[in-house]
Amino acid sequence: MISIQTFTVGMFQVNTYLVTDTATGASAIVDTGESHELVQRLQALDPAPDIQMILLTHGHIDHAGALTFLQEVWDVPTYMPRDEQPLFQTLPIQGTMFGFPQLNRPCGRIDHLVDDGDSVQLGETTLSFLATPGHTPGQGCWYDDAEILVGDTLFSGSIGRTDFPMSDPALMKRSLLRLMELPGHLRVHSGHGPVTTLDKELRTNPFLGFVRKAKGMPAGRGMDW
Ligand SMILES: [Zn+2]
C-alpha cells in the first residue's frame, strides 16, 4: 500500500508526487518540476522522507527539468521510460523550444530505462510501468493496485496535448485504450489538475468517446480528435 503527497510546483503548476510505501516508509519522487521548488518543499518535511528513487513519467521540462537539482540532494536511482530518450535529450534546449530560454536545463542522470511491463520495488510495494506514448514518444504511467500516476496521459476531464513536435495522436488513442483496460477503481494522479478515477474518466471524459464506443458503451457527449 502507498500514500501519495502532491506538490504542485513551478511556473507550469505541474503536479509532482512523493509516493510512500506505508509498510516501510520507503519513498519515491515522481516527476520534478522545472525549478528548485520541489527540493525546497521536500526538505521542509518533518520528519524527512526516506527517498529511495526518482521516477519520471516523461521528459518535458515541467516534469523532468529539475532532475539535477533533486539529484544534488538525493543521489538515488532514477528511472525513465526508454522511448523517452529522444525528448529527454532535448532538455538543454526545450526551454527555448517552448519560448522560455531561461528554463533550459541539463539532463540529469538516468540509471534505469524502463519498458512496458517493467516494475520497481518500493519497500513492500511493487510499482508497475505502463507505456502510454502519444503525448510524448515514451510517456508512461506508474501504478499499484489502488493508485496510478499518469503524467500527462490523462487529466480530469481532458487528456494530454498531442500537437507537440514529438506527439502522436494515433499512438495516444492506442495508449488510452490500454490505460482504460486497467481496473476502474484506480485513483488517477495526473501531471496537472485534480485527482480522479479511471472509472469516472471512462464515463465522463469528453475525449474518451472512442474508448466508450470500443467498449460498447454509449459514446455520450464528446470531442472527436
Ligand atoms: Zn508533458
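**Entry 1: Overview**

I began with the secondary structure and counted eight helices and 14 strands in the chain. I note at the outset that this model is predicted.

I then looked up the overall dimensions. Along its principal axes, the C-alpha trace spans about 50 × 45 × 25 Å. I compared the radius of gyration with the value for a compact globule: for 225 residues that value would be near 17 Å, and the chain has 17 Å, which agrees. I recorded that 44% of the 225 residues count as buried. I also examined contacts between residues at least 6 apart in sequence, and 59% of these join residues at least 24 apart.

**Entry 2: The sheet of strands 1 to 6**

I traced the sheet that contains strand 1. Six strands form this open sheet in the order 1-2-3-4-5-6, and the pairing is mixed. Its edge strands are strand 1 (2-9) and strand 6, each of which pairs on one side only. I noted that neighbouring strands of this sheet are turned by 25 degrees against each other on average, with direction ignored.

**Entry 3: Strand 5 and its two partners**

I asked myself which residues of strand 5 are buried on one side and which on the other. In strand 5 (residues 78-81), T78 and M80 are buried on one side, while Y79 and P81 are buried on the other, so I recorded both faces as covered.

I next followed the pairing of strand 5. Strand 4 (residues 50-55) pairs with strand 5 in the parallel sense over two bridges, and I found I54 opposite T78. Strand 5 is also joined to strand 6 (residues 112-114) by three bridges, and these two strands run parallel. Here P81 stands opposite V114.

**Entry 4: T16 in strand 2**

I selected one residue for closer inspection, namely T16, which lies in strand 2 (residues 14-21). Is T16 buried or exposed? I counted 26 C-beta neighbours inside 10 Å, and T16 therefore counts as buried; the cut-off for a buried residue is 20 or more.

I then listed its contacts, leaving out residues up to four places away in sequence. T16 touches F7, V9, I29, V30, D31, T32, G33 and L38. For one of these, L38, I looked up the separation: T16 and L38 are 22 residues apart in sequence, and their C-alpha atoms are 7.8 Å apart in space.

**Entry 5: The sheet of strands 7 to 14**

I moved on to another open sheet, in which six strands follow the order 7-8-9-10-13-14 with mixed pairing. The edge strands are strand 7 (119-122) and strand 14 (196-197), each pairing on one side only.

I examined several pairs within this sheet. Strand 7 and strand 8 run antiparallel and are joined by four bridges; in this pair, Q121 has T126 as its bridge partner. The two strands form a hairpin with two residues between them, and G123 in the turn has a positive phi of about 60 degrees. Strand 8 is likewise joined to strand 9 by four bridges in an antiparallel arrangement, where A131 has G140 as its bridge partner. I recorded strand 8 as mostly covered, with five of its seven residues buried.

Further along, strand 10 (residues 147-151) pairs with strand 13 (residues 187-190) in the parallel sense over four bridges. In this pair, E147 is partnered by R187.

**Entry 6: The buried side of helix 6**

I turned last to helix 6 (residues 169-179), whose buried residues are M172, S175, L176 and L179. Why do I place them on the same side of helix 6? They cover an arc of only 100 degrees around the axis, which puts them on the same side. I recalled the general rule here: an α-helix has 3.6 residues a turn, so residues three or four places apart point the same way.

Finally, I looked up what covers these buried residues. The elements that do so include strand 8 (125-131), strand 9 (140-143), strand 11 (154-155), strand 12 (158-159) and helix 8 (209-214).

Terms used: Residues numbered from 1 in each chain as written. Predicted model: local features only at pLDDT ≥ 70, side-chain atom pairs only at ≥ 80, totals over all residues. Buried ≥ 20, exposed ≤ 12 C-beta atoms within 10 Å, placed from the backbone. Pairing = 2+ DSSP bridges. Rg over C-alpha atoms; globule rule 2.2 N^0.38 Å. Contact = placed C-beta atoms within 7 Å. Axes fitted to C-alpha atoms, helices over the stretch in contact; angles between N-to-C directions. Arc of directions from axis to C-beta.
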